[in-house]
Amino acid sequence: MRTLILSCNTGAGHNSCARAIRETYRANGEVCDIADALTFISERASQFISNWHTRIYLYAPRLFSAGYEKAEERDDLFREGTAVYRCITSGVRKMYECITAGGYDNVICTHVFPALALTELRRRFSDLRVLTSHVSTDYTCSPCTADSALDWYFMPAAALADEFARCGIPREKLVASGMPVRREFYARPEKAQAKRALGLRPDQRHLVMMCGSMGCGPMEELTLLLEARMQPDDVLSVVCSKNEALLKRLQKQTAGAENVRLLGQIDDVPALLHGADVFLTKPGGLSTSEAVAARLPMVLIDAVAGCEEHNLDFFLRAGMAVTANTPDEIAQLALELAHSGARLAEMRRAMETVAGTPADIVHDWLCDHAN
């Protein structure tokens, strides 16, 4: 089986999911490639859409959330004949040429845009025989997913089946696979060993804060609140990711603070999470799933809302995370949690219900159902 994964650069989660799936295919000795689906429209279109998504997400989260709500309310927004649909599907011929030239017989979408484009492709080029699927990267049925018509739809949890069915996806096409994350997150080395690898003592309480690849939300305020309240044996690692301005501000504001570690973009996220006791993060679908794979209790920061509000609700209900309304309350809650072994153990037990490596489930299911 030759597999092509269609992702796009509107947030890091879709690409992270794609890489986790590719990892499993390649571990089985199979061909698996990833393509940015927006480049089939044009390179310029991909850059334009991705850049504006990042700007709105980072600097105008209320606008982003409002746009998501509008998409939920207007379920015809992406349907055939609309201007948005014509734009998304304008690169269908190039996509077809890519699939045929690569000899792919299995195409997986990690975003609704390529799922819609792939649906149109199959309509226009009925001679193409490929297995098609969509992998949800959030704990909800994203707006207009049901406007696509693919063979399979992978959900991150069986509990979401009724919601996906209400949205219009046939139940017989739904597969509860879990959220595909890289294998390293499932390694779960002994906590003391993981802390030593980070240069920490096993008895230190380690809090990690990371809010996506953009470093969004009240990270600056939370860092200063935590610094002022942490005990001598508490350590805070702040991952600013691509937000260089945030990193520079915090370097000035926390100069001399021995228990605050400031990081930019990092490569080994699994090692950092394995050596942590509490994870402060926004409720992105992939970051929360990575934490669950690492058995790391979460304090969720509702920075952007939109689809992430559904993720937040899911993890709160499951007992895998906690949250509060204000940065001050979040900081206090995080420290209380870090000092409560009983609560941490309870949250880790809730995470034990998530077993296995979901990327393997996606791979095995599609292999079993290949034509």
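**Strand pairing and backbone geometry in the predicted model**

Strand β3 is joined to strand β4 (residues 131–135) by four bridges, and the two strands run parallel. Within this pairing, Ile108 has Ser133 of β4 as its bridge partner. The model described here is a predicted one, with an average pLDDT of 89 for the protein and 89% of the residues scoring at least 70. Among the elements of the protein, strand β3 (residues 106–109) has the highest mean pLDDT, at 98, whereas helix α3 (residues 61–73) has the lowest, at 50. Where pLDDT is low, the predicted coordinates should not be read in detail.

Strand β3 also pairs with strand β1 (residues 2–7), again in the parallel sense and over four bridges, and in this pairing Cys109 of β3 is the bridge partner of Leu6. In a regular strand the side chains alternate between the two faces of the sheet. In β3 both faces are covered, since Asn106 and Ile108 on one side are buried, as are Val107 and Cys109 on the other. The connection from β3 to β4 involves helix α6 (residues 112–124), and these three elements make a right-handed β-α-β unit.

A further group of strands forms an open sheet of six, in the order β9-β8-β7-β10-β11-β12 and with parallel pairing. Strands β9 (260–263) and β12 (321–323) stand at the edges of this sheet, where each has a single partner strand, so that one side of each is left without a neighbour in the sheet. Neighbouring strands of this sheet are turned against each other by 20 degrees on average, direction ignored. Within the sheet order, β8 and β7 are adjacent; strand β7 (residues 205–210) pairs with strand β8 (residues 234–239) in the parallel sense over six bridges, and Val235 of β8 is the bridge partner of His206.

Two arginine residues call for comment on backbone geometry. Most residues other than glycine have a negative phi, and most peptide bonds are trans. Arg188, although not a glycine, has a positive phi of about 50 degrees, and this residue is found in the loop between β6 (174–176) and α8 (191–197). Arg295 likewise has a positive phi, near 55 degrees, in a residue other than glycine, and lies in the loop between α12 (285–293) and β11 (298–300). As to their surroundings, Arg188 is partly exposed, with a relative accessible area of 33%, whereas Arg295, at 7% relative accessibility, counts as buried, because buried means under 20% relative accessible area.

Key: Residues numbered from 1 in each chain as written. Predicted model: local features only at pLDDT ≥ 70, side-chain atom pairs only at ≥ 80, totals over all residues. Heavy atoms only, no water. pLDDT = per-residue confidence, 0-100. Buried < 20%, exposed > 50% of the residue type's maximum accessible area, 1.4 Å probe, protein only. Pairing = 2+ DSSP bridges. Right-handed = clockwise from strand over helix to strand, strands pointing away. Axes fitted to C-alpha atoms, helices over the stretch in contact; angles between N-to-C directions.
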